[in-house]
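Colleague: Could you take me through this model and tell me what stands behind the terms you use?
Modeller: Gladly, let us have it in front of us.

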Amino acid sequence: MTASPRGARIARVTGVDQDGVRLLAVGADAVVDALFDDRRIWSFWVRRDTERADRTGLVRHVAWPAVMRPHLRGTTRIVLREHVSGRVLHDGELTFGDPEPGERVRFVNKRGLDIALDKSGRFSPVFGERTAADLEPLLDTMEQVIDVLARAGVEAFPAYGTLLGAVREGRFLGHDSDADLGYVSRHTTPVDVVRESFRLQRAVVDAGFGTYRYSGAAFRVAAIEGDGSVRGLDVFGGFLDGGRLYLMGEIGTEFEESWIRPLGTCELAGRRFPAPAVPERLLEATYGPSWRVPDPAFKFETSERTRDSLNQWFRGLAVHRQEWERRYGAGQAGQKGQPGTTTGRSLAKEIAAREQPGTRVLDVGAGRGRDAIWLARRGFPVTAYDYVPRALTRAARIAVEEELPFEARSLNLDEWRSLMSEGARLARASDAAPVPTVIHARHLLDATDTFGRSGLGRFAAMTLRGGGRLYAEWWTGRGEPEPGLTALSAEQVVGRLERFGGRITSIEEFEAGARGNARPFSVGRVIASWA
Amino acid sequence: MQGKREMAERIERLEAEVAELRRHQVRLAELADLVQELLIPMAQRDEERVEAAIARLQDGL
């Protein structure tokens, strides 16, 4: 291929500096790869991803993506190249920041692996940088998972970018970073598709794989590569109903069953895999009619109808979880979240003052375990819950070192199966030996959504019956809160707890900076008990 | 004009109702899954199997 499909032409790149790229864009859009020292790190569309930099709109500017910034230190050779035609638009050395002599810009992760930006704007070791031997274990995992799913009753095949790579190039797309499987269920209603997806995940877990659920119709399998790095293998459920195909998470379109079944085959990295009967139909439904033209900066333009349907049927099982994973992963939640530290008249201190040592504390939304460790050190056996349990790793290590009565567990207030199975587990444990129990919930009600707030009410009703107490604290709307909090009035909180059978024994509000509240925002504090 | 506004309001309400109904799908699936996985061992009063069923359910989340 010599040019992009609509004859796009860029007159020229007029400047490349520490801020980004300035160029003159004429004609239809085109995708450009940015190479640093001969490695493709990023791709962008010259019109879609740039901003006008003069009145004509012909001079455009695009900044280096924010996620790239931490890596931009040192000297590098930058080549800008049209992805499809290979035409070089710029080639020159540039120095970022204030480097050591001879320092080159490097894009490597903590494990020392070369990384680049994938299509979702995340840095990961993309396939283009992996050797065939590195990828063998991923291909093995794909085969094993397809086999497990087949025994559980669904016929899975490479989907999305993995199918595109197989059909167009016979290999993984160089700029892609994860592998996708899809299947089209024999069921025709979302409720059955979700139940089936739950069952399939258990089958994959039983086969010894680690998993992670995204939604009611999609989960990820952890595939371990040759050098020990973990790559996601996503399993997307779909179904046909009334002549339409829905495939999590982007497809909703008129479709014929004969384009899927009976499955055919495709070739990927020298191995044979199942494929939809007419894979070109699925690729067109996924990437549009121009799917044959490579686009490393592809963005889905899913229709509102499809997005709404998929959201409403399948999503909502873990609201805001990705944001929290990013915050904990990037260490942005700051030093004040360190385990065992507490300031002012904290909610944890309130529990220590009012409850007998030995009272079991369920710290719901424990974050990094700051209050949980503080309480465990004072003789309260603590179960620290979070839907990002990885954030509690350090607290768990401290607990082991100090031999504290502490346990970290996963709990998701947006998922009834999580909430109710944990309620059942605790009920069984305390049935054997009844223990006085309290819940600690600091900035949980104001960090979750309405469904999650009701989830806490349900969890309290299940675990505190027989005289247990809930201690909760939240932002009431004045001052500068921590990011991600929603203001709630005392009436809202009281109303919700009462609906789940709680009786309010104490309610207070502290203004910013008032005695007992060193924080720059107002907080409410409630104690409720369950008969 | 009145008719148009009423129609728009009615569409908005219908959309909200559709969304409400659709959101029941995943919750019904959750409850069905819980009942299916836990009811039988509980009815059998097999303590070990109840424990195992809860653990397996949680491992598969």
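Modeller: This is a predicted model. Let us start with β13(A) and β14(A), which form a hairpin with two residues between them.

Colleague: What makes β13(A) and β14(A) a pair of strands?

Modeller: Pairing needs at least two bridges, and β13 (residues 211-215) and β14 (residues 218-224) of chain A have four bridges, in the antiparallel sense; therefore they count as paired. One of the bridge partners is A:R220 in β14(A), which goes with A:Y212.

Colleague: How do you know that β14(A) also pairs with β15(A)?

Modeller: By the cut-off of at least two bridges: β14(A) and β15 (residues 230-241) of chain A are joined antiparallel by seven bridges, so they pair too. There A:A218 has A:F236 as its bridge partner in β15(A). The hairpin of these two strands has five residues between them, and in it A:G228 takes a positive phi near 95 degrees.

Colleague: Now the helices. Why is α7(A) called roughly parallel to α8(A)?

Modeller: The axes of α7 (residues 347-354) and α8 (residues 370-377) of chain A come within 10 Å and cross at roughly 25 degrees. Angles under 35 degrees count as roughly parallel, so α7(A) is roughly parallel to α8(A). The crossing is right-handed.

Colleague: Which residues of α7(A) and α8(A) meet?

Modeller: From α7(A) come A:A348, A:I351 and A:A352, and from α8(A) come A:D371, A:W374 and A:L375. By class, this contact has five nonpolar residues, one charged and no polar.

Conventions. Residues numbered from 1 in each chain as written. Chains lettered and ligands numbered in written order. Predicted model: local features only at pLDDT ≥ 70, side-chain atom pairs only at ≥ 80, totals over all residues. Axes fitted to C-alpha atoms, helices over the stretch in contact; angles between N-to-C directions. Parallel < 35°, antiparallel > 145°, perpendicular 65-115°, else oblique. Left-handed = near helix turned anticlockwise from the far one by under 90°. Contact = placed C-beta atoms within 7 Å. Nonpolar A, V, L, I, M, F, W, Y, C, P; charged D, E, K, R; others polar.
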